[in-house]
Every structure is written in structure tokens, then in C-alpha cells.
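This report describes a protein chain on the basis of its coordinates. The sequence and the structure are shown first.

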Amino acid sequence: LEVAPQSADEEVSAAGRGFGEAVGELLGAGGAAGRGWSILPSDEALASASLERAEQPLFVSNVDFSDQRVAGLATDVASRFLQEVAGAAGLNLHVRLLEGQDPQHVLVAIFKAVGAALGRACRKEHS
């Protein structure tokens, strides 16, 4: 994944779109399940991710990091990234934080759950 140097917000959006486009190709491959889910922990945090291919992509989450500084940015970069991934990949993506307070643990749990759900969605379905 290569992202042209821009403002940090633009780089996060471009990275999400690029990743989403790559995932969208895998999801569009013949036989891919096209849907997946996962619930995974990171220390005291527990997050779930559910997704499926959709004609009208959507990202929904109960997590708000707008008042947290992630990677030195004062905006919710995780949500922006996931929204771009969902849009570019053509996904209906739902992320839920079930438990957790520490922002780092929460982010790790979220991205572990999203990654595992994407893995399930990209696997071929067995007849």
C-alpha cells in the first residue's frame, strides 16, 4: 500500500480507500463468502466486527475517539479509516466495543476483530 504524502487526515483516508479496494477485489473473487464476523479481546478490551458485501456500503460503530489523540492526530482516525475501507470494499461493516477503557487496547481489539471478520469474508465458501 503506497500513499502519496499529504496531510495526515488525507493520508488516513487514502490508506483506507486503498486497503478497501484491495479487499474488495478479494471479496469479489468467485466463491468468496462475502460475509464474516469476529469477537476478539485485547487485554481488558473486547470488540466485535460483523460485515458483508453490500450495494450501499455503510460503516456503523459505537466507538467515539473524537476526543482522543491517536498517532498525534486530534480526530477519530480509526473511524475515518474504517469508513473508507467499508466504502471502497463495498461493505456493510458494524463495529461494536463490548468492553474496554484503554484507547490502545480498544483499537487493537477493534482491528483484530475487523481483520478476522475480513479473513472469514474472503475465504471460499464450502458447498
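The text below treats two helices, a hairpin and a surface patch.

The model is predicted, so local features need pLDDT of at least 70 and side-chain atom pairs count only at pLDDT 80 or more, whereas totals for chains, interfaces and linings use all residues. Residues are numbered from 1 along each chain as its sequence is written, and side-chain values use heavy atoms, with hydrogens and water left out.

**Helices**

Helices (H or I, at least four residues) and strands (E, at least two) are DSSP runs, numbered from the N terminus. The expected span of a helix is 1.5 Å times one less than its number of residues. The table sets this value beside the distance between the end C-alpha atoms.

| Helix | Number of residues | Expected span | End C-alpha distance |
|---|---|---|---|
| α1 (residues 8-28) | 21 residues | 30 Å | 30 Å |
| α2 (77-89) | 13 residues | 18 Å | 18 Å |

For α1 the two values agree, and for α2 they agree as well.

Residues are called buried under 20% relative accessible area, exposed over 50% and partly exposed in between (1.4 Å probe, protein chains only). In α1, the buried residues include Val12, Ala15, Gly16, Gly20, Val23 and Leu27. Their cover, by contact (heavy atoms within 4.5 Å), includes β2, α2, β4 (91-99) and α3 (103-122). In α2, Val77, Ala78, Ser79, Phe81, Leu82, Val85, Ala86 and Ala89 are buried; among the elements that cover them are α1, β2, β3 (58-61), β4 and α3. Gly90 follows α2 and has a positive phi, near 70°.

**Hairpin**

Strands β1 (residues 35-42) and β2 (residues 45-53) are antiparallel and joined by eight bridges; two strands pair if DSSP finds at least two bridges between them. Within this pairing, Leu40 has Ala47 of β2 as its bridge partner. Two residues lie between the strands of the hairpin. Asp43, located in the loop between β1 and β2, has a positive phi of about 50° although it is not a glycine. Asp43 counts as exposed because its relative accessibility is 61%.

**Surface patch**

Leu1, Val3 and Phe19 form a nonpolar surface patch with about 280 Å² of accessible area together. Such areas come from the Shrake-Rupley method with a 1.4 Å probe, and for residues only the protein chains shown count as cover. Patches consist of residues with over 30% relative accessible area and no salt bridge (a side-chain nitrogen of Lys or Arg within 4 Å of a carboxyl oxygen of Asp or Glu); nonpolar side chains (Val, Leu, Ile, Met, Phe, Trp, Tyr) are joined within 5 Å, like charges within 9 Å. Leu1 belongs to the segment before α1 and, at 73% relative accessibility, counts as exposed.
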